[in-house]
Amino acid sequence: MFTKGKRVTKDKKVEVINPYNDEVVQALGMSEGKDVEDAITTAHKGFKILKRMPAGDRAQILEKTSDIIKKRKDDFSRTIALESGKTINEARGEVDRAASTMKLSALAAMKLTGETVRFDLAGPSKKMGFFIRVPIGIVLAVTPFNFPLNLSCHKIGPAIAAGNSVIHKPATKTPASGVMLAETLIEAGLPVEGISVLIGSGSTIGMALVKHPDVKKISFTGSLEVGEIITANCGMKRVTMELGSNSAVIVFKDAPIDLVAKKVRKGGYTLAGQVCISIQRVYVEEDIADDFLTALSDEVKQIKFGDQLLNDTEMGPMIDHDALDKAQKFCEDAVQHNGTVITGGKREGNIFTPTIVTGVSEESLVIQEEAFAPIVAVNKFRTVDEAIQKVNNTKYGLQAGLFTRDITKALECARAIDAGGVLINEIPTFRVDNMPYGGTKGSGIGREGPDFAIKEMTEEKLIVFDQII
Ligand code: NDP
């Protein structure tokens, strides 16, 4: 764990395992119950300092953090690849994005302002006023395994930009890059009380923090299941919930088949499908469905999977054995629901081979639930209404994509699809770090992207003047 500016060693350790070969790559001190109270005391001190610090100084710390992340790109990339199993190239991409998220957070600190308020709506008034945005207090950042650096930056960056202190609870499988990030922030000038990283199980350490009355805001990214547990237990706190999905793409018959197949190869299998906006469902207009399936399976069969540390590996392992079992179960369930496995569907070591299933019924797991695995279901549709109905036929709604040259059809879909983002002629897996990002329905509450997250980490304070004296 990490607190008061230093790594803390403990007798009990959390072992970080390389998901490719199950070898232990490092061991970090595991937090205990009493560390929760200590972290809260430290965070109170941090909040006192940070809320008084000029916004420009906080921005400078974040800007410098971004610079140091860039300088340490190799170290960060290797750590991320080793702990999460993503390929070294995917990890390099994550580091670039993390540096950008910190820079965007610095800019958000500089831009954050309130607005003037009118008092003459019901008649003449001599009142004049405005609101300012003030930091909220101690922010708890709870992060998942799949983007251990950039998703931490999406919470910690805006929290500090706003003048809050942070307690970070990274995923137990991937705590190493979170500790490196905290070290980087301190090196960049963050007061040592500004951040603590508690490493330990979500249901004990995480839950103790979630329930703590002094935590004012929880920013959570993870599964719907855990999101529901947190919201049921946190009491009167602000929450941002960035949850799972089973993103869909609609391919209309006027779309360029080869180009879309290449994009689905990227969106369905990056990080072995363990991305919240991975493509899981593709609905293809009947006339081109067979040709699309051939093009996609030609693409997917070329994916080079293996050791994530090798430069030419395109897809690495699943995070753990449970994830492999779950992927297997989804494939078996697809077959039981009329599906045909076109390619993949097997385990090779800790890798689940890139899989396409087709013809599965709408009741199957792969259509209804989040697979979080390299499995894409391809099904046919006949009408625009049917495509929209199928995309919406799930409890999730993070992002969706569609491909057509027909602008009217595209806009009709964009309006009717229940999701936080609809991407026209792009896959739902597209994300840049400044955009408003988040879901509807079971995919979450609130939006990330530093300009949006910073608002969720502040509250409005109204100030009114009257001319009576
Ligand atoms: P989990 O929901 O299993 O865990 C996420 C975090 O919550 C971990 O740090 C975990 O700790 C912690 N946690 C678990 N239980 C509790 C609890 N009771 N109280 C407090 N904290 C708890 O997610 P994964 O790590 O498996 O990540 C995958 C999920 O994240 C997928 O569903 C994916 O879609 C989603 N995700 C969403 C994104 C978005 O922006 N919408 C982006 C990326 C991922 P521990 O590790 O110790 O269990």
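This report describes the ligand site of a predicted model.

## Basis

Residue numbers start from 1 along each chain as its sequence is written, and side-chain values use heavy atoms, without hydrogens or water. In this predicted model, local features need pLDDT of at least 70 and side-chain atom pairs pLDDT 80 or more, while totals for chains, interfaces and linings use all residues.

## Shell around the ligand

The ligand is surrounded by 32 residues, where near means a heavy atom within 4 Å. T172, S223, L243, C276 and E370 come nearest. By class, the shell has 17 nonpolar, 12 polar (Gly included) and 3 charged (Asp, Glu, Lys or Arg) residues.

Both domain 1 (2-243 + 443-464) and domain 2 (248-433) supply at least three shell residues, the bounds coming from an automatic or database assignment. Among the DSSP elements (helices of at least four residues, strands of at least two), α7 (202-211), β10 (215-221) and α8 (224-233) each give at least two. The most come from α7, with 5 residues.

## Polar contacts and burial

Polar contacts are pairs of N or O atoms within 3.5 Å. Ligand oxygen atoms lie 2.6 Å from a polar side-chain atom of S223, 2.8 Å from a side-chain N or O atom of K169 and 3.2 Å from a polar backbone atom of F145. Taken alone, the ligand exposes 910 Å², of which the protein buries 88% (Shrake-Rupley method, 1.4 Å probe).

How values were computed: A polar contact is a pair of N or O atoms within 3.5 Å; within protein, one must be able to donate a hydrogen and the other to accept it, and residues adjacent in sequence count only if both atoms are side-chain atoms.
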